[in-house]
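Me: Please take one part of this model and look at it closely. Start from a single residue, then work outwards to the whole chain. Keep it brisk.

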Amino acid sequence: MNALNDTTWVRTRADLVAYIQQLSQEALNPANGWENRSLDRYLEALGAWTDDMDGYFLNRGGEAPEQPDWSLIADMLRAACFYE
């Protein structure tokens with residue numbers, strides 16, 4: 001879709017802040033394809049994806065990290081845009 005799908009650059013708290021600001025700007029565009037446009041749906045999807053993220057990592061040939069990092073938080077926030 002766009003650069004927001006690549007979270008590898010999110011390494012610090014400041015990077016995460018910039019990422020969240022970019023997500024916020026993207027959310028203003030109704031043509032961007034977000035599945036979960038309302039806050040309640042977004043938060044529900046965030047919780048569901050976080051609960052199911054072991055499957056995400058297994059599908060990519062890895063394991064969910066024991067300790068989250070800034071990039072994983074960005075992944076979670078991005079996934080909530082589309083996760084059903």
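A close look at one helix

Reply: Cys81 is buried, with a relative accessibility of 0%. Buried stands for under 20% relative accessible area, exposed for over 50%, and partly exposed for what lies in between, with a 1.4 Å probe and protein chains only. The model is predicted, so local features need pLDDT of at least 70 and side-chain atom pairs pLDDT 80 or more, while totals for chains, interfaces and linings take in all residues. Numbering starts from 1 along each chain as its sequence is written, and side-chain values use heavy atoms, without hydrogens or water.

Cys81 belongs to helix α3. Helices are DSSP runs of H or I with at least four residues, strands are E runs of at least two, and both are numbered from the N terminus. What does Cys81 touch, once neighbours within four places in sequence are set aside? Its contacts are Leu23, Trp34, Glu35, Asn36 and Tyr42. A contact here is a pair of heavy atoms within 4.5 Å. Trp34 is 47 residues away from Cys81 along the chain, yet their C-alpha atoms are separated by 5.3 Å.

Now the helix as a whole. Of the 13 residues in α3, 10 are buried, and the helix is mostly covered. The buried set is Ser71, Leu72, Ala74, Asp75, Met76, Leu77, Arg78, Ala79, Ala80 and Cys81. The cover over these buried residues includes α1 and α2, the latter spanning 39-59. An α-helix has 3.6 residues a turn, so residues three or four places apart point the same way.

Arg78 deserves a stop. Its side chain forms a salt bridge with that of Glu26, at 2.5 Å from N to O. This pair links distant parts of the chain: Glu26 sits in helix α1 (residues 13-27), Arg78 in helix α3 (residues 70-82), and the two positions lie 52 residues apart in sequence. A salt bridge means a side-chain nitrogen of Lys or Arg within 4 Å of a carboxyl oxygen of Asp or Glu. Side chains of opposite charge can pair when their charged atoms come close. Both partners, Glu26 and Arg78, are buried. For Glu26 the relative accessible area is 10%. Glu26 has a remote counterpart too: Gln67, 41 residues off in sequence, is 28 Å from Glu26 in space, C-alpha to C-alpha.

By this rule, the count of salt bridges is two. The other partners are Glu35 and Arg41, whose side chains meet at 3.4 Å, N to O. Here Glu35 is partly exposed, at 31% relative accessible area. Arg41 is likewise partly exposed, at 39%. Glu35 also returns us to the starting point, as one of the contacts of Cys81.

Next, helix α2. Leu43 lies in this helix. Leu43 is partly exposed, with 46% relative accessible area. Across to α3, Leu43 and Leu77 are 9.3 Å apart, C-alpha to C-alpha, with their positions 34 residues apart in sequence. Ala48 is in α2 as well. Its relative accessibility is 28%, which counts as partly exposed. Ala48 and Glu84 lie 8.2 Å apart, C-alpha to C-alpha, at a sequence distance of 36 residues.

Finally, the setting. The protein has three helices and zero strands. The order from the N terminus is α-α-α. The radius of gyration is 13 Å, close to the 12 Å of the globule rule for 84 residues, so the protein is as compact as a globular protein of that length. That radius is taken over C-alpha atoms, and the rule is 2.2 Å times the number of residues to the power 0.38. The C-alpha trace spans about 35 × 30 × 20 Å along its principal axes.

Buried residues come to 32% of the 84. Among contacts with a separation of 6 or more, 63% join residues 24 or more positions apart. The protein exposes about 5600 Å², and carbon and sulfur atoms supply 53% of that. Accessible areas follow the Shrake-Rupley method with a 1.4 Å probe; for residues, only the protein chains shown count as cover.

Charge closes the tour. There are 6 positive and 14 negative side chains, and the centres of the two sets are 8 Å apart. Lys and Arg count as positive, Asp and Glu as negative, with His and the chain ends left out. Each charge is placed at NZ of Lys, CZ of Arg, CG of Asp or CD of Glu.
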